[in-house]
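Load the model in your viewer and switch to a cartoon representation. Keep side chains hidden until the tour asks for them.

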Amino acid sequence: MDFSELEKDNTGRCRLSSPVPAVCRKESCVLGVDEAGRGPVLGPMVYAICYCPLTRLADLEAMKVADSKTMSESDRDRLFAKMEENGDFVGWALDVLSPNLISTSMLGRVKYNLNALSHDTAAGLIQYALDQGVRVTQVFVDTVGLPETYQERLQQRFPGIDVTVKAKADALYPVVSAASICAKVARDQAVKNWQFVEDLQDLDADYGSGYPNDPKTKAWLKKQVEPVFGFPQFVRFSWSTAQTILEKEAADVLWEDSPAQDLEGPERITAYFNKGSRARPRAPHRYFQERGLEPATAL
């Protein structure tokens, strides 16, 4: 997978895809949809599709594809390489959704929750395959939310296609298993090669699984939180785990119209700029460095 575009800009959405096999433009095809990285507080979420002609579905099954969560990283890499070797009848495409995109969507003035984002991304990938000339006649999707509602929504958008949405579809349908492998391999590579736009001092890449309940992940979040600017863009700041750490570790904001009683209690954000006994173990944030700003004794 070529992640050069993602490395240039990992703040939004990036689409990667294989060449479309010629046979997939001639014969009826089955397509599977799955994701990786929905739950973690760190890193991107990846949605993937995999497709092949109905006449070659048995050949895809013969590769021993399975739910990516039940496989080791080396097995996933091996199977993805095998799918690439069989590019004459197997195709794939994926969308990498950055943590920044996910969080800004969820916390925007007009809320765009994770389920809606997931549904729209999956539909967008199905449409992409159709736009590329793939003759999709069957679609199998691992559900997000209620499968009946999700299936009805996809069926309305793609009336000429037989759509099936099921829980645990990645363990039931080989073409969805193949999509799950594509998604997981892509997410693993994206996380390993993540380009931090922030100038982090002594960056510790040992952040555990990235899931909110992992003590190692929580410790990493506490270490990397910046008192004024919060977390690096690798973090989904809309997650409750990140928000809780922000409330405890970062400076509070006092607005001009805040009630007088708000002056008491947690530290004000202006305290960050004042010299004094407060220890700053790391260099100033790049926002200040780029603008040549120095801490002031008073504001």
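The tour goes from the sheet to the helices on it, and then to salt bridges. Bear in mind that this is a predicted model.

**The sheet**

Select the six strands that form an open sheet; pairing is mixed and the order reads β1-β4-β3-β2-β5-β6. Colour β1 (13-17) and β6 (162-166) separately: these are the edge strands, and because each has a single partner strand, one side of each has no neighbour in the sheet. Going from one strand to the next, the twist averages 15 degrees.

Now zoom in on β1 and β4 (residues 91-97). These two strands run antiparallel and are joined by five bridges. Pick Arg-13 to see one residue pairing: its bridge partner in β4 is Leu-97.

**Helices on the sheet**

Add helix α5 (residues 114-131), which packs on the sheet. The strands touched by α5 are β1, β2 (29-36), β3 (45-53), β4 and β5 (136-142), and the helix direction makes about 35 degrees with that of β3. Then show helix α6 (residues 147-157), which also packs on the sheet and touches β5 and β6. The direction of α6 makes about 160 degrees with that of β6.

**Salt bridges**

Turn on the side chains of Lys, Arg, Asp and Glu. How many salt bridges does the structure hold? The count is 12.

Select Lys-69 together with Asp-67 and Asp-170. The side chain of Lys-69 meets that of Asp-67 in a salt bridge at 3.3 Å, N to O, and that of Asp-170 in another at 2.7 Å, N to O. Lys-69 sits in the loop between α2 (57-62) and α3 (73-85), while Asp-170 belongs to helix α7 (residues 169-172), so this pair ties together parts 101 residues apart in sequence.

Which of these residues are buried and which exposed? Lys-69 is exposed, at 62% relative accessibility. Asp-67 is buried, with a relative accessible area of 11%, and Asp-170 is buried too, at 2%.

Next, move to helix α3 and select Arg-78 and Asp-75, which are three residues apart and therefore separated by about one helical turn. Their side chains meet in a salt bridge at 3.6 Å, N to O. Arg-78 is partly exposed, with a relative accessible area of 44%; Asp-75 is also partly exposed, at 30%.

For the last stop, select Arg-13, Arg-15 and Asp-95, which are joined into one network by salt bridges that share partners. Arg-13 is the residue picked earlier as the bridge partner of Leu-97.

Technical notes: Residues numbered from 1 in each chain as written. Predicted model: local features only at pLDDT ≥ 70, side-chain atom pairs only at ≥ 80, totals over all residues. Heavy atoms only, no water. Pairing = 2+ DSSP bridges. Helix = DSSP H or I, 4+ residues; strand = E, 2+ residues; numbered from the N terminus. Axes fitted to C-alpha atoms, helices over the stretch in contact; angles between N-to-C directions. Contact = heavy atoms within 4.5 Å. Salt bridge = Lys/Arg side-chain N within 4 Å of Asp/Glu carboxyl O. Buried < 20%, exposed > 50% of the residue type's maximum accessible area, 1.4 Å probe, protein only.
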